[in-house]
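User: Can you walk me through the charged pairs, the cores and the cysteines in this one? Here it is.

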Amino acid sequence: MQTDIKISSQTLDIQACIELVMLPESGGIDVFIGTVRNATKGKTVLKLEFEAYEKMAITEMKKIAAQAFEKWPVQKLLIHHRTGILGVGEAPVIIAVSAAHRNAAFEACRYVIDTLKQTVPIWKKEFFEDGEVWVAAHP
């Protein structure tokens with residue numbers, strides 16, 4: 001099981017993430033890049049702030065990766081999540097999965113991001129023109 005799991009306050013490097021999962025035997029790589037959008041529920045978003053219970057978040061991410069390896073014949077899997085303040089257009093999360101065939105990469109990647117959103121203890125504060133609110137980053 002080849003994984004790269006990280007929580008960081010540094011800008012996520014999309015190209016480096018892709019390169020980390022590339023293998024000569026991989027026929028497909030699926031990448032999900034979550035970005036900060038400029039509006040939520042009709043309100044203009046100025047920025048987001050992400051916080052994580054890091055030890056538990058890493059443990060949960062490893063568990064999700066192990067489940068993906070059990071369910072699909074994936075070769076490498078990467079989960080990187082950022083903490084701190086991010087502006088519109090910045091990436092708080094990158095999931096990258098390589099497999100011999102595209103179907104496994106697609107399905108595993110979707111499973112990882114969907115499960116991460118449900119189980120990993122990461123929260124975000126949304127900053128709007130008229131105030132701010134803490135919400136589960138991954139409800």
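User: Lys124: buried or exposed?
Analyst: Buried, at 14% relative accessibility. Keep in mind that this is a predicted model.

User: What does the Lys124 side chain meet in a salt bridge?
Analyst: The side chain of Glu126, at 3.7 Å, N to O. Glu126 is buried as well, with a relative accessible area of 7%.

User: How many salt bridges does a search of the whole structure find?
Analyst: The search finds 5. Among them is Arg82 with Glu90, at 2.9 Å from N to O.

User: And how buried or exposed are those two, Arg82 and Glu90?
Analyst: Arg82 is buried, at 8% relative accessibility. Glu90 is partly exposed, at 26%.

User: What about Glu60, which side chain does it meet in a salt bridge?
Analyst: That of Lys63, with 3.0 Å between N and O.

User: Where do Glu60 and Lys63 sit?
Analyst: In helix H2, residues 54-71. They are 3 residues apart there, so about one helical turn separates them. Glu60 counts as buried at 16% relative accessibility. Lys63 is partly exposed, with a relative accessible area of 40%.

User: Switching topic. How many residues are in the largest nonpolar core?
Analyst: It has 33 residues. Those with the most contacts inside it are Met61, Val74, Leu77, Ile79, Ile95, Val97 and Leu116.

User: Which elements each supply at least two residues of it?
Analyst: Five strands and two helices are on that list, namely S1 (2-8), S4 (43-52), S5 (74-82), S7 (93-99) and S8 (122-128), plus H2 and H3 (102-119).

User: Which one gives the largest share?
Analyst: H3, with 8 residues.

User: Why would nonpolar side chains be grouped inside?
Analyst: In soluble globular proteins, nonpolar side chains tend to be buried together.

User: What does the second, separate core include?
Analyst: That core has 6 residues, including Leu12, Cys17, Leu78 and Ala96.

User: Cys17, then. How many disulfides does the structure hold?
Analyst: It holds 0. Cys17 is in no disulfide, and its nearest cysteine sulfur belongs to Cys109.

User: Why no bond between them?
Analyst: The sulfur of Cys109 is 12 Å from that of Cys17, which is too far for a bond. The cut-off for a disulfide is 2.5 Å between the sulfur atoms.

User: Are those cysteines buried or exposed?
Analyst: Cys17 is buried, at 2% relative accessibility. Cys109 is buried too, with a relative accessible area of 2%.

Notes
Residues are numbered from 1 along each chain as its sequence is written. This is a predicted model: local features need pLDDT of at least 70, side-chain atom pairs count only at pLDDT 80 or more; totals for chains, interfaces and linings use all residues. Side-chain values use heavy atoms; hydrogens and water are left out. A salt bridge is a side-chain nitrogen of Lys or Arg within 4 Å of a carboxyl oxygen of Asp or Glu. Helices (H or I, at least four residues) and strands (E, at least two) are DSSP runs, numbered from the N terminus. Buried means under 20% relative accessible area, exposed over 50%, partly exposed in between (1.4 Å probe, protein chains only). A nonpolar core is a set of buried Ala, Val, Leu, Ile, Met, Phe, Trp, Tyr and Cys residues joined through side-chain atoms within 4.5 Å.
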